[in-house]
Amino acid sequence: MLLEDLQVILKVAEFRSITAAATNLDMRTATASAAVKRVEASLGAELFVRTTRHLRLSSAGERYLPQCEEALKMLEKAKMNMREELGIIDGEIRIALSSDLGRNVITPWLDEFLLDYPNVSLRSSISDSNIDFYRDSVDMALRYGSPTDASMYGFKICDVPRLLCASPEYLEKHGIPSEPDDLLEHNGLFYQLHDILQNEWLFNDGKENIKVKLKGNRASNDGNLVRRWCVAGKGFAIKSCLDMADDLLTGKVVNVMADYKPTSTELWLICPSRQSITPTVRLLRDMLREKTEQILIQMKDQGILLG
């Protein structure tokens, strides 16, 4: 009995579908179906009850699958421990990245990582949509905000200040606001997530929270497009300082109203389970922590970030 076949069995049980399991594992449905048949033939029992519309575990499957899953976890852990002791770094990084951070910041870092570890390959999924580890073919996600699902396992990479940004050209033409209410006279560039327009901006001056609702003529569910509009002088945007790092350091945009701080966030590397933490993932985590720290220090040294 092949270990790969057992992995297919577990995916079929998880998705209650051979087709969905095959899609998740990047294989043909016929290949997954053949794996199920081989395991059932080896055991002399059907693990699934199939109808034209549904698939469910049989009584034999309900007994066998939990023990099979535990056995595979033990084998994988033993393999990981051995590879870690030997210092073996290989395999495929399947990572989900947000559009702005992924394209402009993380991708060049991953290119460096692949040069340092030539036995590692990369499959990058860039989107601002929420990631479903059971539907999408990714093993980790780099996202702003801590994990909300208790079953997930994550590494905090760094704290990330968010800044009110505008280009020097826009400020020269329209003036520089000195307090949040002044933004009511300016054009907002908005991020939109799940049809929710983020046009209410919250600031804190060290004493109280101040909320303003802006007007604007541009909105997008793509953070990278909002960044481009900001650099092009189309208005104000509230952005992660990491997303805008290159633009801030080169003076394409500036941090405006620095005494009034938008709500900060955190950057996390999230994995679906503790078992998915490989030596490669740990190295990637360490690289991300080191690189982000360097950028944040550089922005503090140039006075872009205060404190």
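How far apart are the mean positions of the positive and negative charges of the chain? I looked this up before anything else, and for the 38 positive and 44 negative charges the two mean positions are 5 Å apart. I note here that the model is a predicted one, and I keep that in mind for every entry below.

**Entry: the chain as a whole**

I went on to the overall make-up and found 9 helices and 16 strands in the chain. The C-alpha atoms fill a box of roughly 80 × 45 × 35 Å when it is taken along the principal axes. The chain has 307 residues, and I find that 41% of them count as buried. For the accessible surface I noted about 16700 Å², with 49% of that area belonging to carbon and sulfur atoms. I also looked at contacts between residues at least 6 apart in sequence, and of these 74% join residues at least 24 apart.

**Entry: the nonpolar cores**

Which residues touch the most other members of the largest nonpolar core? In this core of 43 residues I find that they are Ile95, Ile106, Leu142, Leu248, Leu284, Leu288 and Met299. Helix H9, which runs over residues 279-301, gives the core its largest share, with 7 residues. I then followed Leu284, and leaving aside its neighbours within four places in sequence, I see it in contact with Ile93, Ile95, Leu110, Phe113 and Met140. Another core lies apart from the largest one and holds 20 residues, including Ala22, Val36, Phe48 and Leu55.

**Entry: Arg285 and Glu112**

Arg285 is found in helix H9, and I wanted to know how much of this residue is covered. Is Arg285 buried or exposed? Its relative accessible area is 14%, which lies under the 20% cut-off, so I enter Arg285 as buried. Not counting residues up to four places away in sequence, I find Arg285 touching Phe155, Ile157 and Leu269.

For Glu112, I looked to helix H5, residues 99-116, where this residue is found. Glu112 has a relative accessible area of 38% and is therefore entered as partly exposed. I also checked a separation from this residue, and the C-alpha atoms of Glu112 and Leu202 stand 37 Å apart, with the two residues lying 90 residues apart along the chain.

**Entry: helix H1**

Helix H1 covers residues 3-15, which makes 13 residues, and from its first C-alpha to its last I find that it reaches 19 Å, close to the 18 Å expected at 1.5 Å a residue. Which residues of H1 are buried? My list reads Asp5, Leu6, Val8, Ile9, Leu10, Lys11, Val12 and Ala13.

**Entry: two positive phi angles**

Just after H1 I came to Arg16, which takes a positive phi of about 55°, and I marked this down as a positive value in a residue other than glycine. Arg16 lies in the loop between H1 and helix H2, the latter spanning 18-24. With a relative accessibility of 41%, Arg16 counts as partly exposed.

Where does Asp26 lie? I find Asp26 in the loop between H2 and helix H3, the latter spanning 29-43. Phi of Asp26 is near 60°, again a positive value in a residue other than glycine. The relative accessible area of Asp26 is 44%, so I enter Asp26 as partly exposed.

Terms used:
Residues numbered from 1 in each chain as written. Predicted model: local features only at pLDDT ≥ 70, side-chain atom pairs only at ≥ 80, totals over all residues. Heavy atoms only, no water. Helix = DSSP H or I, 4+ residues; strand = E, 2+ residues; numbered from the N terminus. Buried < 20%, exposed > 50% of the residue type's maximum accessible area, 1.4 Å probe, protein only. Contact = heavy atoms within 4.5 Å. Areas by Shrake-Rupley, 256 points an atom, 1.4 Å probe, with all protein chains shown as cover. Lys, Arg positive; Asp, Glu negative; His and termini not counted. Charge placed at Lys NZ, Arg CZ, Asp CG, Glu CD. Core = buried A, V, L, I, M, F, W, Y, C linked by side-chain atoms within 4.5 Å. Expected span 1.5 Å × (residues − 1).
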